[in-house]
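Me: I'd like a close look at one part of this protein, namely the cluster of aromatic rings and what lies around it. Could you walk me through it, and then place it among the other features of the chain?

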Amino acid sequence: MLSIEISGRNMMLEGHPTVWEPTAFATFFGQILDDYIKPGMKVLEVGLGSGVLAIFAGFKGADVTGVDINSEAISISYKNWERNGLDMARCDFRHSDLFSDLTLQD
């Protein structure tokens with residue numbers, strides 16, 4: 001189990017040997033996103049990994065879609081989202097190579 005903090009928000013993450021774990025970049029980028037993500041926003045994370053930035057956006061009140069080429073990352077991200085007490089109806093994580101599994105909506 002890995003604990004990571006972004007802008008005072010602590011997150012518990014399960015890891016997996018084939019899934020990218022958060023680095024200092026995630027912490028730094030999360031601090032930048034802290035000023036921009038507002039409740040009710042729709043957020044897309046490309047390259048979901050363990051889901052840390054998606055979870056942070058969820059804590060900020062966003063509805064999150066995440067994609068990753070690694071199907072194990074999708075499974076871990078769903079577990080991590082739930083582990084951090086977020087509403088499962090507010091996330092949609094998909095196995096995709098960049099945008100192939102996404103469709104544009106008005």
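Reply: Happy to; what follows starts at the rings and works outwards. Please keep in mind that this is a predicted model.

Let's begin with the rings themselves. The count of aromatic pairs comes to three. One of them joins Y78 and F93 in a tilted arrangement, with 4.9 Å from centre to centre and 45 degrees between the planes. Y78 sits in helix α3 (residues 71-83) and F93 in strand β5 (residues 91-95), so this pair ties together parts that are 15 residues apart in sequence. The two partners differ in cover: Y78 is partly exposed, with a relative accessible area of 26%, whereas F93 counts as buried at 4%. F93 also meets W81, and here the ring centres are 5.8 Å apart with the planes at 80 degrees, so the pair is edge-to-face. Since W81 belongs to helix α3 as well, this second contact with strand β5 ties together parts that are twelve residues apart in sequence. W81 is buried, at 0% relative accessibility. Taken together, ring pairs link Y78, W81 and F93 into a cluster.

Now for the surroundings of the cluster. S77 is also placed in helix α3, and S77 is buried, with a relative accessible area of 0%. Neighbours within four places in sequence aside, S77 is in contact with L48, G49, S50, G51 and F93. F93 therefore touches S77 in addition to pairing with the ring of Y78.

A further view comes from V64, whose place is in strand β4 (residues 63-68). V64 is buried, at 3% relative accessible area. Its contacts beyond four places in sequence are V43, A54, A57, G58, W81, R90, C91, D92 and F93. That list includes two members of the ring cluster, W81 and F93. It also includes A54, A57 and G58, which are among the buried residues of helix α2.

Helix α2 (residues 52-59) is mostly covered, with eight of its eight residues buried. These are V52, L53, A54, I55, F56, A57, G58 and F59. After α2 comes G61, which has a positive phi near 100 degrees.

Charged pairs come next. A search of the whole structure finds four salt bridges. In one of these, E14 pairs with R83, the closest N and O atoms being 3.2 Å apart. This pair links distant parts of the chain, 69 residues apart: E14 is in the loop between β2 and α1, while R83 is in helix α3. Both ends are partly exposed, E14 at 23% relative accessibility and R83 at 36%. Another salt bridge brings the side chains of D34 and K60 together at 2.8 Å, N to O. D34 lies in the loop between α1 and β3 (42-46) and K60 in the loop between α2 and β4, so the pair ties together parts that are 26 residues apart in sequence. D34 is partly exposed at 22%, and K60 is partly exposed at 24%. R94 forms a salt bridge with D92, with the closest N and O atoms 2.6 Å apart. R94 has a relative accessible area of 24% and D92 one of 26%, which means that each counts as partly exposed. D92 is also on the contact list of V64.

Finally, two features towards the start of the chain. Strands β1 (residues 2-6) and β2 (residues 9-13) pair in the antiparallel sense over five bridges, and I4 stands opposite M11 in β2. Two residues lie between the strands of this hairpin, and there S7 takes a positive phi near 50 degrees. S7 is partly exposed, at 36% relative accessibility. The C-alpha atoms of S7 and V64 are separated by 19 Å, the two residues being 57 apart along the chain.

The other feature is a nonpolar surface patch of about 550 Å², made by F25, F28, F29, I32 and Y36. F25 lies in helix α1 (residues 24-33) and counts as exposed, at 55% relative accessibility. F25 is thus exposed, while F93 in the ring cluster is buried.

Terms used:
Residues are numbered from 1 along each chain as its sequence is written. This is a predicted model: local features need pLDDT of at least 70, side-chain atom pairs count only at pLDDT 80 or more; totals for chains, interfaces and linings use all residues. Side-chain values use heavy atoms; hydrogens and water are left out. Buried means under 20% relative accessible area, exposed over 50%, partly exposed in between (1.4 Å probe, protein chains only). Helices (H or I, at least four residues) and strands (E, at least two) are DSSP runs, numbered from the N terminus. Two strands pair if DSSP finds at least two bridges between them. Contact means heavy atoms within 4.5 Å. Patches are made of residues with over 30% relative accessible area and no salt bridge: like charges are joined within 9 Å, nonpolar side chains (Val, Leu, Ile, Met, Phe, Trp, Tyr) within 5 Å. Accessible areas come from the Shrake-Rupley method with a 1.4 Å probe; for residues, only the protein chains shown count as cover. Rings of Phe, Tyr and Trp (its six-membered ring) pair if their centres lie within 6.5 Å; planes under 30 degrees apart count as stacked, over 60 as edge-to-face and the rest as tilted.
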